[in-house]
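Open the model in your viewer and keep the selection panel at hand. Each stop names what to select and then what is there.

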Amino acid sequence: MLTLDQFKRAADIPLALAVKWYPHVATTFQEFGIDGPDAWSMFIAQIAHESNGFSQVSESFNYSIDGLRATFGKRITFSQSSRLGRQPGERIVPLARQMEIANLVYGGRYGNDAAEGWEFRGRGLKQVTFKDNYRACGAVLRIDLAAEPDLLLQDKWAALSAGWFWSANGLSQYASDIVRATKIINGGANGLSERKERLKIARAAFQQTVA
């Protein structure tokens, strides 16, 4: 059984965040059969990366121009990224432009209508994205996420949705293969070095417990 102290050290997060997320992560492990130090370590490391250290449950489109091109270069034109990315003097991209970015890069894909990219942007600890995935996740969690996508902003559902993704993609079998796990989670190798570092920290936390 995962303990609060194990979770805090494995996730390498402040106590307040650990207290907030521990019961939901522990329930997620039980609900989806995520068991043992290897699976716990990989889950915590990957989800910590995806959620910016368990601090973010909604995808941000506050991109610099270069960041926008680097992240969505295949789905957004040079001129679009120049217009929509963070401009000189701006700290935050205005909401209207963030919505336009989301609709450009996510609209018309995986069940989304052209104008639904923002509505079905990444939410939850794993950042569930696209209407098709909201539907599939909601069917397992027995909630209507297509109708109420903001439910994934709630701590309980944010954690359980990450468990759904983990289970649906058989990630426990890759608990020792961070490259393969990252490819399934991210579609490539984005953030791999940070994910590896987080995995080392998580594994060390459980080794200390055993010792």
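**H3 against H9**

Select H3 and H9. H3 passes H9 in a right-handed crossing. This model is predicted. The two axes come within 11 Å and cross at roughly 45°. That angle makes H3 oblique to H9. Now show side chains. On the H3 side, the contact is made by Met42, Gln46 and Glu50. On the H9 side, Ile178, Ala181, Thr182 and Ile185 make it.

**Arg195**

Keep Gln46 and Glu50 on screen and add Arg195. Arg195 belongs to helix H10. Is Arg195 buried or exposed? Arg195 is buried, because its relative accessible area is 0%, and the cut-off for buried is under 20%.

Next, draw two distances. The side chains of Arg195 and Gln46 are joined by a polar contact of 2.7 Å. A polar contact of 2.8 Å links the side chains of Arg195 and Glu50.

Now select the surroundings of Arg195, leaving out neighbours within four places in sequence. Arg195 is in contact with Ala45, Gln46, His49 and Glu50, among others. The list also includes Ile178, Thr182, Ile185, Asn186 and Asn190. Of these names, Ile178, Thr182 and Ile185 also appear on the H9 side of the H3 contact.

**H3 against H8**

Stay on H3 and bring in H8. The axes of H3 and H8 come within 12 Å and cross at roughly 120°. H3 is therefore oblique to H8. The crossing of H3 past H8 is right-handed.

Which residues meet here? From H3, select Ala39, Met42, Phe43 and Ile47. From H8, select Ala162, Gly163 and Trp166. Met42 takes part here and also in the contact of H3 with H9.

**H2 against H3**

Hide H8 and show H2. The H2 and H3 axes come within 12 Å, crossing at roughly 130°. H2 and H3 are therefore oblique to each other. H2 passes H3 in a right-handed crossing. Val25, Thr28 and Phe29 of H2 make the contact with Trp40, Phe43 and Ile44 of H3.

**Phe43**

Show H8 again and centre on Phe43. With what is Phe43 in contact, leaving aside its neighbours within four places in sequence? The contacts include Val25, Thr28 and Phe29, which are the H2 residues of the previous stop. They also include Ala162, Gly163 and Trp166, the H8 residues that meet H3. Ile34 is in contact with Phe43 too.

**The nonpolar cores**

Zoom out. The largest nonpolar core has 51 residues. Which of its members touch the most others? They are Phe7, Trp21, Phe43, Ile44, Phe54 and Leu125. Colour the helices that give two or more residues to this core: H1 (4-11), H2 (15-31), H3 (37-50), H7 (131-141), H8 (155-168), H9 (178-186) and H10 (192-210). Another core, of 12 residues, lies apart from it. To find that core, select Phe61, Leu68, Leu84 and Ile101, which are among its members.

**Lys131**

Go to helix H7 and select Lys131. Lys131 is buried, because its relative accessible area is 11% and the limit is under 20%. Leaving aside neighbours within four places in sequence, Lys131 is in contact with Tyr110, Gly111, Asn112, Glu116 and Phe120.

**The loop between H7 and H8**

Select Leu151, in the loop between H7 and H8. Leu151 is buried, with 15% relative accessible area. Beyond neighbours within four places in sequence, Leu151 is in contact with Ile143, Leu145 and Trp157. Add Ser58 and draw a C-alpha to C-alpha distance. Leu151 and Ser58 are 11 Å apart in space and 93 residues apart in sequence.

Then select Arg142, which also lies in the loop between H7 and H8. Arg142 is exposed, with a relative accessible area of 78%.

**Two phi angles**

Most residues other than glycine have a negative phi. Check Arg142 against that. Arg142 has a positive phi of about 65° and is not a glycine.

The last selection is Asn52, in the loop between H3 and helix H4 (65-72). What is phi of Asn52? Phi of Asn52 is near 55°, a positive value in a residue other than glycine. Asn52 counts as partly exposed, at 48% relative accessibility.

Definitions and conventions
Residues numbered from 1 in each chain as written. Predicted model: local features only at pLDDT ≥ 70, side-chain atom pairs only at ≥ 80, totals over all residues. Heavy atoms only, no water. Core = buried A, V, L, I, M, F, W, Y, C linked by side-chain atoms within 4.5 Å. Buried < 20%, exposed > 50% of the residue type's maximum accessible area, 1.4 Å probe, protein only. Helix = DSSP H or I, 4+ residues; strand = E, 2+ residues; numbered from the N terminus. Contact = heavy atoms within 4.5 Å. Polar contact = N/O pair within 3.5 Å; in protein donor to acceptor, adjacent residues only side chain to side chain. Axes fitted to C-alpha atoms, helices over the stretch in contact; angles between N-to-C directions. Parallel < 35°, antiparallel > 145°, perpendicular 65-115°, else oblique. Left-handed = near helix turned anticlockwise from the far one by under 90°.
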